[in-house]
Amino acid sequence: KGKGAWKQSAEGKITRLSVNNKNDIENLHFVVSPAYNKDRTKDKFVSSAFSKQTYSRIASGGLKVGLIAGGVADAVYFPPDNTDKWDYCASDIIIREAGGTITDTRGNPLNYSLPRNEFPDSFICSNGKIQQKLIEKYNQFINSHSKTI
């Protein structure tokens with residue numbers, strides 16, 4: 001903590017990771033699971049809450065966060081799935097050191113000392129500048145679709 005986030009290329013070049021400066025939630029580049037399907041209940045927040053977005057499909061939670069930490073992508077929504085706190089604890093410090101954030105869907109930092117059954121099942125990661133807007137959009141979506149999802 002406090003030393004930044006870094007990557008090393010195959011050629012050995014070391015560069016500092018830094019999130020992008022996007023500050024609006026239009027035309028987002030989301031990172032999603034390879035199994036992402038706009039019709040699956042757990043994927044409906046991303047597929048229906050945003051009018052225009054592009055996607056990168058990556059299986060690893062760490063690599064998803066890495067694209068945001070490197071400024072390539074804007075956000076990732078981790079829906080309820082077969083993920084657990086150990087899947088994201090290393091990513092959490094990396095994204096924060098790169099200037100971004102990862103929180104539960106209420107905006108709370110992830111608490112890794114919670115027992116497994118109390119750890120949040122959904123969370124959002126972004127460059128930090130759009131985090132609050134994403135959380136608000138998520139909660140609007142949930143409130144308006146609570147009977148259909």
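Gln131 is buried, with a relative accessible area of 5%. The model described here is predicted. In this model Gln131 belongs to helix 4, which covers residues 131-145. A polar atom of the Gln131 side chain lies 3.0 Å from the backbone oxygen of Ile124. Setting aside residues up to four places away in sequence, Gln131 touches Thr101, Ile102, Thr103, Ile124, Cys125 and Ser126.

Two of these partners lead on to the nonpolar interior. In soluble globular proteins, nonpolar side chains tend to be buried together. The largest nonpolar core in the model has 19 residues. Ile68, Phe78, Ile95, Ile102, Phe123 and Cys125 touch the most other members of this core. Three elements each give two or more residues to the core: helix 2 (61-69), strand 5 (75-78) and strand 7 (123-126). Helix 2 supplies the largest share, three residues. Another core lies apart from this one and has 17 residues. Val46, Tyr77, Tyr138 and Phe141 are among them.

Ile95 shows how distant parts of the sequence meet. Neighbours within four places in sequence are left out of its contacts here. Ile95 is then in contact with Val19, Val65, Ile68, Ala69, Gly100, Thr101, Ile102, Cys125 and Ser126. Ile68, Ile102 and Cys125 appear in this list. These three also rank among the core residues that touch the most other members.

Charged pairs come next. Side chains of opposite charge can pair when their charged atoms come close. The count in this model is two salt bridges. One joins Asp92 and Arg96, with the closest N and O atoms 2.5 Å apart. Asp92 and Arg96 are four residues apart in helix 3 (residues 89-97), so about one helical turn separates them. The two partners differ in exposure. Asp92 is buried, at a relative accessible area of 4%, whereas Arg96 is partly exposed, at 40%.

The other salt bridge links Asp24 and Lys22. Here the closest N and O atoms are 3.7 Å apart. Asp24 has 33% relative accessibility and counts as partly exposed. Lys22, at 21%, also counts as partly exposed. Its value falls in that class because buried means under 20%.

Empty space was examined as well. Rolling a probe the size of a water molecule over the atoms shows where empty space is left. The largest pocket holds about 260 Å³ of space. It is lined by 21 residues. Ser33, Lys64, Phe78, Pro79 and Asp81 are the closest of these to its centre. Strand 3 (28-32), helix 2 and strand 5 each give two or more residues to the lining. Helix 2 and strand 5 also contribute two or more residues to the largest nonpolar core. Phe78 has a place in both settings: it is a core member and a lining residue.

Two loop residues complete the account. Most residues other than glycine have a negative phi, and most peptide bonds are trans. Asn27 has a positive phi, near 55°. This residue sits in the loop between strand 2 (14-16) and strand 3. Asn27 is partly exposed, with a relative accessible area of 47%. Asp39 lies in the loop between strand 3 and helix 1 (44-49). At 54% relative accessibility, Asp39 counts as exposed. Asp39 and Asn111 are 72 residues apart along the chain, and their C-alpha atoms are separated by 31 Å.

Conventions. Residues are numbered from 1 along each chain as its sequence is written. This is a predicted model: local features need pLDDT of at least 70, side-chain atom pairs count only at pLDDT 80 or more; totals for chains, interfaces and linings use all residues. Side-chain values use heavy atoms; hydrogens and water are left out. A nonpolar core is a set of buried Ala, Val, Leu, Ile, Met, Phe, Trp, Tyr and Cys residues joined through side-chain atoms within 4.5 Å. Buried means under 20% relative accessible area, exposed over 50%, partly exposed in between (1.4 Å probe, protein chains only). Contact means heavy atoms within 4.5 Å. A salt bridge is a side-chain nitrogen of Lys or Arg within 4 Å of a carboxyl oxygen of Asp or Glu. A polar contact is a pair of N or O atoms within 3.5 Å; within protein, one must be able to donate a hydrogen and the other to accept it, and residues adjacent in sequence count only if both atoms are side-chain atoms. On a 1 Å grid over the protein atoms alone, a cavity is a set of points where a 1.4 Å probe fits but cannot get out, and a pocket is an open set with protein on both sides within 12 Å along at least five of seven lines; lining residues have an atom within 4 Å of a point. Grid points are joined across faces, edges and corners, and a volume is the space filled by probe spheres set on the points.
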